[in-house]
Amino acid sequence: MAKHRLLFVCLGNICRSPMAEGVFRRVAEEEGVLELFEIDSAGLGDWHVGQAPDTRAQAAARHRGMDISGQSARQVTVADYARFDLLLAMDGSNYEELIQLAPRPARHKVRRFLDFAPQVGTKDVPDPFFGGSEGFDHALDLIEQAARGLLADRLSAEATPAKEGA
Ligand code: 4NP
């Protein structure tokens, strides 16, 4: 069966999207379905290409039992719209930029990550880069809920074959 291919996207690819990649990987692992997924993350900007996640993101993730230190930042490319099934924007600004860059037939692949956690009452994972460590914890709280919602959504999509053109 084809894998679900998910790309988590933020601005710099050193804070939110690496944490989202790490959290989704762990949640899928806990549920025993990691092999059904191809998971990656990328940033809209190129300032941090090649860098490991921000040390505050690494520490917040480590505090919750995840090691995201091996990730390396990269920039979103147009090829990502073909390679992935969903491009998951961390906030509204990321969403708008991803839509602008999208080849028209791939626009439907761009989604707000927090659409998968309607209970949190916001559509934006706030950018923690310019704040303190509490911003990273808050981002992780939101990300964990959306990761669970996204996993449930993908697994239910698998149980109910999608209609062509729907
Ligand atoms: P991220 O956070 O988009 O969650 O990775 C940021 C990282 C770096 C910058 C902005 C946001 N920056 O301006 O360098």
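In this predicted model, the side chain of Gln 58 places a polar atom 2.9 Å from the backbone oxygen of Pro 53. Gln 58 belongs to helix 2, and its relative accessibility of 15% classes the residue as buried, since the limit for that class is under 20%.

The surroundings of the ligand were examined next. The residues around the ligand include the run Cys 10, Leu 11, Gly 12, Asn 13, Ile 14, Cys 15 and Arg 16, and they are joined by Trp 47, His 48, Asp 127, Phe 129 and Phe 130. Sorted by class, this shell comprises 7 nonpolar, 3 polar and 2 charged residues. Backbone atoms of the shell also approach oxygen atoms of the ligand: a backbone N or O atom of Gly 12 is found at 2.8 Å from a ligand oxygen, a backbone N or O atom of Cys 15 at 2.9 Å, and a polar backbone atom of Asn 13 at 3.2 Å. The ligand taken alone would expose 360 Å², of which the protein buries 91%.

Two cysteines, Cys 10 and Cys 15, appear among the residues surrounding the ligand, which raises the matter of their pairing. The structure contains 0 disulfides. For Cys 10, which takes part in no disulfide, the nearest cysteine sulfur is that of Cys 15, at a distance of 6.8 Å; because a disulfide requires the two sulfur atoms to lie within 2.5 Å, this pair does not qualify. Cys 15 is likewise in no disulfide, and the nearest cysteine sulfur to it is that of Cys 10. Both side chains belong to buried residues, with a relative accessible area of 2% for Cys 10 and of 4% for Cys 15.

Charged side chains were then considered. In general, side chains of opposite charge can pair when their charged atoms come close. The structure holds 18 salt bridges, one of which joins Glu 21 to Arg 25 with an N to O distance of 3.0 Å. These two residues stand 4 positions apart in helix 1, which spans residues 16–30, so that about one helical turn separates them. Their accessibilities fall into separate classes, Glu 21 being buried at 8% relative accessibility, whereas Arg 25 is partly exposed at 32%.

A further salt bridge connects Asp 141 with Arg 64, whose closest N and O atoms are 2.8 Å apart. Because Asp 141 is located in helix 5 (residues 133–159) while Arg 64 occupies the loop between helix 2 (55–63) and helix 3 (80–83), this pair ties together parts of the chain that are 77 residues apart in sequence. Asp 141 itself is partly exposed, with a relative accessible area of 38%. Asp 141 and Arg 64 also take part in a network of salt bridges that links them with Arg 26, Glu 30, Asp 137, Glu 144 and Arg 148.

Another pairing involves Lys 123 and Asp 115, whose side chains meet in a salt bridge with an N to O distance of 3.1 Å. In this case both partners are partly exposed, Lys 123 with a relative accessible area of 37% and Asp 115 with a relative accessibility of 29%.

Note on methods. Residues are numbered from 1 along each chain as its sequence is written. This is a predicted model: local features need pLDDT of at least 70, side-chain atom pairs count only at pLDDT 80 or more; totals for chains, interfaces and linings use all residues. Side-chain values use heavy atoms; hydrogens and water are left out. A residue is near a molecule or strand if one of its heavy atoms lies within 4 Å of it. A polar contact is a pair of N or O atoms within 3.5 Å; within protein, one must be able to donate a hydrogen and the other to accept it, and residues adjacent in sequence count only if both atoms are side-chain atoms. Accessible areas come from the Shrake-Rupley method with a 1.4 Å probe; for residues, only the protein chains shown count as cover. Ala, Val, Leu, Ile, Met, Phe, Trp, Tyr, Cys and Pro count as nonpolar, Asp, Glu, Lys and Arg as charged, and the others, Gly among them, as polar. A salt bridge is a side-chain nitrogen of Lys or Arg within 4 Å of a carboxyl oxygen of Asp or Glu. Buried means under 20% relative accessible area, exposed over 50%, partly exposed in between (1.4 Å probe, protein chains only).
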